[in-house]
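Hello,

I am passing on the structure we talked about, and my notes follow below it. Please have a look at it first, then read on.

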Amino acid sequence: MPVLLIAEDDEDIALVLTRVFKRAKMTVLRAEDGQAALELIVQEHPDVIVTDLGMPRMDGWELIAAVRAHPEVSLTPIVILSGHLRPGDPRAGSAQCCAILLKPCPNDQLLATVQELLAIGPHEHDSSDSPCPAEMPVSV
């Protein structure tokens with residue numbers, strides 16, 4: 001069963017996301033902030049990470065940078081799922097995430113994005129021959 005980590009500080013959103021992914025037969029890990037997420041990521045090596053941006057202790061941008069800098073988990077696919085991303089935010093283009101989805105995001109779109117990343121698997125995020133869809137991130 002694929003393992004997914006959700007980094008989300010809003011309890012209601014995390015509950016809905018957990019249900020969506022468990023129904024899709026995934027093991028779901030959840031962290032309430034970026035620091036707790038990083039610790040779980042290093043410990044559990046999830047197949048895909050879904051992160052919010054606005055979180056305490058370590059925000060989503062910092063989490064993505066920490067994952068990409070960590071040799072054991074740097075190739076893990078990452079999806080940003082946020083309601084706080086502004087159009088034209090320059091960090092989106094340089095964050096080395098695989099997809100960007102805006103809240104509220106239809107569950108089927110979120111699930112399809114995660115399943116696409118599961119099919120691709122771990123991959124480089126800064127080379128021209130990378131299978132990462134980040135060249136054309138998904139935005140809803």
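**Salt bridges, sheet and cysteines**

I will start with E11, which is partly exposed at 48% relative accessibility. Before going further, please keep in mind that this is a predicted model.

What does the side chain of E11 meet in a salt bridge? Its partner is R30, with N and O 3.0 Å apart. R30 is partly exposed too, at 24% relative accessibility. The two come from distant parts of the chain, 19 residues apart: E11 sits in helix α1, while R30 belongs to strand β2, residues 27-31.

That is one of five salt bridges that turn up in a search of the whole structure. Another joins K103 to E8, with 2.8 Å from N to O. Here the pair spans 95 residues. K103 lies in the loop between β5 (99-102) and α5 (107-120), and E8 in the loop between β1 (3-7) and α1 (11-23). How accessible are these two residues? E8 is buried, with 2% relative accessibility, whereas K103 is partly exposed, with 25%. You may like to display D52 alongside them, since E8, D52 and K103 are linked in a network of salt bridges.

A further salt bridge is found between R57 and D33, whose closest N and O atoms are 3.1 Å apart. Is R57 buried or exposed? R57 is exposed, with a relative accessible area of 60%, but D33 is buried, at 10%. This pair also links distant parts of the chain, 24 residues apart. R57 is in the loop between β3 (48-51) and α3 (60-69), and D33 is in the loop between β2 and α2 (34-44).

Now to the sheet. Five strands make up an open sheet with parallel pairing, and their order is β2-β1-β3-β4-β5. Which strands are at the edges? They are β2 and β5, each of which pairs on one side only. From one strand to the next, the twist averages 20 degrees.

If you zoom in on β1 and β2, you will find the two strands running parallel and joined by five bridges. A7 is a handy place to look, as this residue stands opposite A31 in β2. Helix α1, the one that carries E11, lies across β1, β2 and β4 (78-82). Relative to β2, α1 runs at about 165 degrees.

Last, the cysteines. How many disulfides are there? The count comes to zero. Why is C97 in no disulfide? The nearest cysteine sulfur, that of C98, is 6.9 Å away, and a disulfide needs the two sulfur atoms within 2.5 Å. C105 is in no disulfide either, because the nearest cysteine sulfur, that of C97, is 14 Å away and the cut-off is again 2.5 Å. Both of these cysteines are buried: C97 has 4% relative accessibility, and C105 has a relative accessible area of 14%.

If you would like somewhere to begin, I suggest the E8, D52 and K103 network, followed by the strand order of the sheet. I would be glad to hear what you make of them.

Best wishes

Key
Residues are numbered from 1 along each chain as its sequence is written. This is a predicted model: local features need pLDDT of at least 70, side-chain atom pairs count only at pLDDT 80 or more; totals for chains, interfaces and linings use all residues. Side-chain values use heavy atoms; hydrogens and water are left out. Buried means under 20% relative accessible area, exposed over 50%, partly exposed in between (1.4 Å probe, protein chains only). A salt bridge is a side-chain nitrogen of Lys or Arg within 4 Å of a carboxyl oxygen of Asp or Glu. Helices (H or I, at least four residues) and strands (E, at least two) are DSSP runs, numbered from the N terminus. Two strands pair if DSSP finds at least two bridges between them. Axes are lines fitted to C-alpha atoms, for helices over the stretch in contact, and angles run from 0 to 180 degrees between N-to-C directions. Contact means heavy atoms within 4.5 Å.
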